[in-house]
Amino acid sequence: MISITIPENDVKIEQRLQKVSANIVPIKPICGFVDLHEIPRDKGGIILFYNKQDELLFVGKARKLRPRVKKHLEDNVSPLKPHRDEVNKIAVIVVEDAMEREIYETYIINTKRAKYNTEKVFFE
């Protein structure tokens, strides 16, 4: 039996209301996420999308994390598109090696039973 330990989240952001003062130019939120700048731009890894009840909705992987998260939140062809209104929290695990990303993504989808992943699913 292979033993896999899921790494801790490197970044976790939640939807929030943006407080704007008169002297500060606000960052435009995407789907209510103001803190996307905290997600590394040029690192690869795993992206986990959760709802308000901490239920795992979708797991994805990316060679460049921040642009991929933005695509999931804005793109018309994202598998997450019909469920964006449910997303309340995004967690990111930095994993630079492509093979490790693939293994972790498949493992997390199946052990945590991601609700909207349809590929790589081995549970019923």
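This briefing walks through helix 1, the strands around strand 4, and a buried loop residue. Please keep in mind that the model is predicted. Strand 4 (89-94) is a good place to begin: five of its six residues are buried, so the strand is largely enclosed by the rest of the structure.

**Helix 1 and what it packs against**
- Helix 1 spans residues 65-74, and its buried residues are Leu65, Arg66, Val69, His72 and Leu73.
- These residues lie on the same side of helix 1, because they cover an arc of only 125 degrees around the axis.
- The packing partners of the helix's buried residues are strand 2 (45-50), strand 3 (56-62) and strand 4 (89-94).

**How strand 4 pairs**
- Strand 1 (residues 11-14) runs antiparallel to strand 4, and four bridges join the two.
- Within this pairing you can look for Lys12, whose bridge partner in strand 4 is Ala91.
- Strand 2 also pairs with strand 4 in the antiparallel sense, over six bridges.
- If you would like a residue to find here, take Tyr50, which has Lys89 of strand 4 as its bridge partner.

**Asn88, a loop residue**
- Asn88 sits in the loop that lies between helix 1 and strand 4.
- Its relative accessibility is 12%, so Asn88 counts as buried, the cut-off being under 20%.
- Leaving aside residues up to four places away in sequence, Asn88 touches Ile13, Glu14, Gln15, Phe33, Tyr50, Asn51 and Lys52.
- One of these contacts, Tyr50, is also the bridge partner of Lys89 in strand 4.

Definitions and conventions
Residues numbered from 1 in each chain as written. Predicted model: local features only at pLDDT ≥ 70, side-chain atom pairs only at ≥ 80, totals over all residues. Heavy atoms only, no water. Buried < 20%, exposed > 50% of the residue type's maximum accessible area, 1.4 Å probe, protein only. Arc of directions from axis to C-beta. Contact = heavy atoms within 4.5 Å. Pairing = 2+ DSSP bridges.
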